Amino acid sequence: MRWQRILNLFHRTPGKSRAASRPLTPVFEPLEPRLLLAGDLPSISLIEADNRGLIVLTANANLNASTVNTNSVEVTTAGPDQIFGTSDDTTVARTVEYVASSRQIRVSANIAADVRYRVRLNASIIKDQDGRSLDGEFTAANTVSGDGVQGGDLIFYTRRPSETIVRFTTTSGIIDVTMFMDRTPLTVQNFLNYANRGVWDLTFIHRSVPGFVIQGGGFSAQGTNNYPRITQDPPVMNEPGISNIRGTIAMAKLGGNPNSATNEFFFNLGNNASNLDNQNGGFTVFGEIRGSAGLAVMDALAAFQIVNASTVNGAFNELPVIDRTAVLSRPGSFTILTTDLIRYMRIALMVDISGQPAQQLDPTGSVTFGADDGSSGPRVQVFDLDQAGLGDLSQAVQVKFGKNGAITSITLRDGLPSTRIGIAITNATSVGTITDARRNQGGNIAFVISSAPVSSIRFNAAITGYDLNGFVVPGLSLDDDIDDDGLFNDPVAIYLQSGLLKTFRIDGTLTGDVVAPGGFGIVTINGTAMNADFSSASLTSTTVPAFTFRSVVDSEIRVGVGIRSIRAAEWLDTGGRAERISAPSLDNLRIDGDFEAGLNLNRNLSPQRTLGTVRINGSVFGSAWTIQGQIGSITVRGDLTNWSIASATNAGAIALGRVNNSAVTFTGRIARLTAVEWQGGSLVAAFAPSINITGDRRAGVDGDFIGTFAFNGGGSTPVIDALNVNGALRDATITVTGSAGKFAFRNGIDRSTIRVNSGDLRSIDAGEVLNSTINVQRAITSVSATRFEGVSLQGGAYDTITARGDARTGTPGDFHGEIRPTSFFKLDVKGDFTGSINVRNATFITIAGDLSSSTVNFTLAPTLQARGFETFRIGGRIINTDIRAGGRVGHIFAAAMIESGIYIGAPASLVGLPSSNTGFRNGARIEEVTLRGLPGGQHSFVNSFIVALDLNTVRIKNAPADNFGRVYGVAAGTINLVEARIDGTTLRLTGSSTTPMPIGDFNVFLAFTPPPGVVV
């Protein structure tokens, strides 16, 4: 497949901002200035070193270059035993030069990547321009260099870096880049693999796009017009998430293949988040330039002019060169010299320095079984960590050696002294079993470390752990962070340099890390595992681990293969750090008590499950779960507080206790979700067919649903089929993209929003609905509640809206709020209505009580044959209310109208009786208005108005003749029938074309014509 540079000026793409923690520990440690007793002697003010043996030492005075050479600068490695100062130390071939312009001693030693080394300057030999010797005493970084006396040795040792910083030495200067090892570990390791082999040394930038990127890492320079592609390692999995902002470094890749990054990388010259964070799965940012000086060098590299050298290589159409004019003026065919190129002279990982070598176990009083003469045979060394005396261990420790360097077994028996003991196994090819056969539990085993794989370890008593980070023993060197957890002083219990630990069982307490690079088999801890990380780097082990614990405290599991099962009585976090279980997958997690660790399952095994079955009988607290693939089932019987789970796919049944301030996020489907209560946080899924918030009557928990909930599956399949909440939906937002089934909230809805964006909703059934909004964009069959208070109903077509009341609790079926969807079929209010109705049309409206202080507006156009409403039945009075419609309406029945108006087809600004048809809509008609009257002779039509272009029937039971001198009554273009009783006088008007005389203040305007003498 042809490599294609996706970073194309014409195809640029988007992203998110990054929030990555940046360690403050410096990698390059300048030495402090010092005040000398007599004069300033030449000294070293800065030491920098990388992991492949390039050392740069900066002096504070001009040195005599002839004194800086291989005689005065020595580089050594520790040899096979990994211990400096022993007979197998090896002096390394090196070149030494002095750069007068920068006062730098530059040493280039032939050292393989990540091998620790020692540098010694013989300060007596190195002179300054005045003949004074270098003041070379040096014991530690960040301390005074020198002791005020000429000469001495400046000796320092390299250490594994506490922060991953890579130095780019370029044509225009140095760029130091902090690598995001914690957030993009695969990409950073891929990058270091190339850098550690030195394949990028003397390579070049082959693409430069102003304001966008400079790109390199793809081609080596082997002579004029000879620039072959660098041999590529296998592609690395994409790790997007950090934004492509100015000064970041990211990987290039093939178009349409997010997981194709190999060796080409680029620096972002500007903020490219909007066009690189989302394209092709997002471009993985894995580092960032440190400081303004590095950014200035990046900008200088980007400032070189560009030529189109595609005739040399198709990828070089935007090639930056030192001198564009010189390149273009060369005679003959197009030629690119290596001296034209913008170079990366060296790319390497920087290391820390120390005045002391790595720590060593004190061999004083140790007892060795096997080869103790410096030979290469297998040996078991028992260390007396308290220097209390080990005595004769011939009976207490029994070692059986096998063939070809194997150790068959190591057995501990009674007779061990009461002191802390460490066991180191070196030079063996393999170890069979390590067995604790003690009966009296004498002795205190701190650790077991081995350079060879161990098949089985079994202990009857505790393993107490020991800080071995950065230690060396003969034949075995331990990293500064043995289990790679970011801690440099935590205890170690078991360490294997390589291989699988097939069986590990301890019946006592385990304190300290257990490291087996080849993986784990069956791990059983019958005591408490405290501050005990189980770490394995293997990605290929065919043995699937299973872990069984009693109690786990402040501990982690980090393995490279799937885990069969984890079982524990409890898993607790005392607050020192966030604990996690990290693996590609986990089949079964069973916790009998509380669980306070995170889960990071990082491989999508679809259709197989990444997380199989989870059962936690206690509570979950402060636990973050990231699951990249399918989930079987999750059951948590206790509370979940500050819990988060994020999954890229689907889950089966999830059954939870009380959920507090937690975030559940699924990009796929949750088959069924049950929780006792949901108090804050969020729930996001594409589909969640069944959600049930049950409450717990025995515990007095109602089962409320509080938080932010989003279901975004879309399509015709219901995103939620049933949402049942035994308590209330309170202070919540539910957003549905797609269709949904039945929502039931037994104790009502309060201060909440339900929004269905693009589909239908079957029904909402609730207790009281208070201060809330329901917005169904398409259609809903039914909205039913005991009463509505401060509610807004919005959206598309509603079938039935019911305020049903509750006789058992004495709750009237009132509706106080607004109804403004496109339309509804039926409104049934068992109590009073106050608020507004603003819809296109409706069919049946029934209000058992009063309609008061409201506006009612039907906007259906009069050109349509359909009616704005068919029947509007008010059991009580219409008070201080306007009813308006743009077209035809049906029947209005009420007991009375007080200070109200009915305006059909009238201008929106009209109030009262009009004297002309100006502004009325043609076709506007009302079939019937009947006011049946009030008991006790009360007036049923007071200071109110009934107006329509075409009025069929009006019946008014009892209206006052005296309206305090204000004209009121009925007006229409045409009227079929008006029957009204006005303070004992009956008015009956049928098909007449003449406006009748008023009865008191009561008027009927036929053809909108007032009677003589009536002024509107």
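**Helix α3 and the barrel it crosses**

In this predicted model, helix α3 (residues 291–302) lies across β10, β11, β12 (203–209), β13 (213–216), β15 (265–268) and β16 (285–289), with contact taken as heavy atoms within 4.5 Å. Its direction runs at about 120° to β11, where axes are lines fitted to C-alpha atoms, for helices over the stretch in contact, and angles run from 0 to 180 degrees between N-to-C directions. Helices (H or I, at least four residues) and strands (E, at least two) are DSSP runs numbered from the N terminus.

The 12 residues of α3 reach 17 Å from first C-alpha to last, close to the 16 Å expected at 1.5 Å a residue; that expected span is 1.5 Å times one less than the number of residues. Gly294, Val297, Met298, Leu301 and Ala302 of α3 are buried (under 20% relative accessible area, with exposed meaning over 50%, using a 1.4 Å probe and protein chains only). Seen down the axis of α3, these buried residues fall within an arc of 140°, so they line one face of the helix; the arc is that of the directions from the helix axis to the C-beta atoms. Ser292 and Ala293, on the other side of α3, are exposed.

Turning to the sheet, eight strands form a closed barrel in the order β10-β11-β16-β14-β15-β13-β12-β19, with antiparallel pairing. Neighbouring strands of this sheet are turned by 35° against each other on average, direction ignored. Strands pair if DSSP finds at least two bridges between them; β10 (residues 165–170) and β11 (residues 173–179) pair in the antiparallel sense over six.

Residues are numbered from 1 along each chain as its sequence is written. Local features need pLDDT of at least 70.

Methods:
Predicted model: local features only at pLDDT ≥ 70, side-chain atom pairs only at ≥ 80, totals over all residues. Heavy atoms only, no water.
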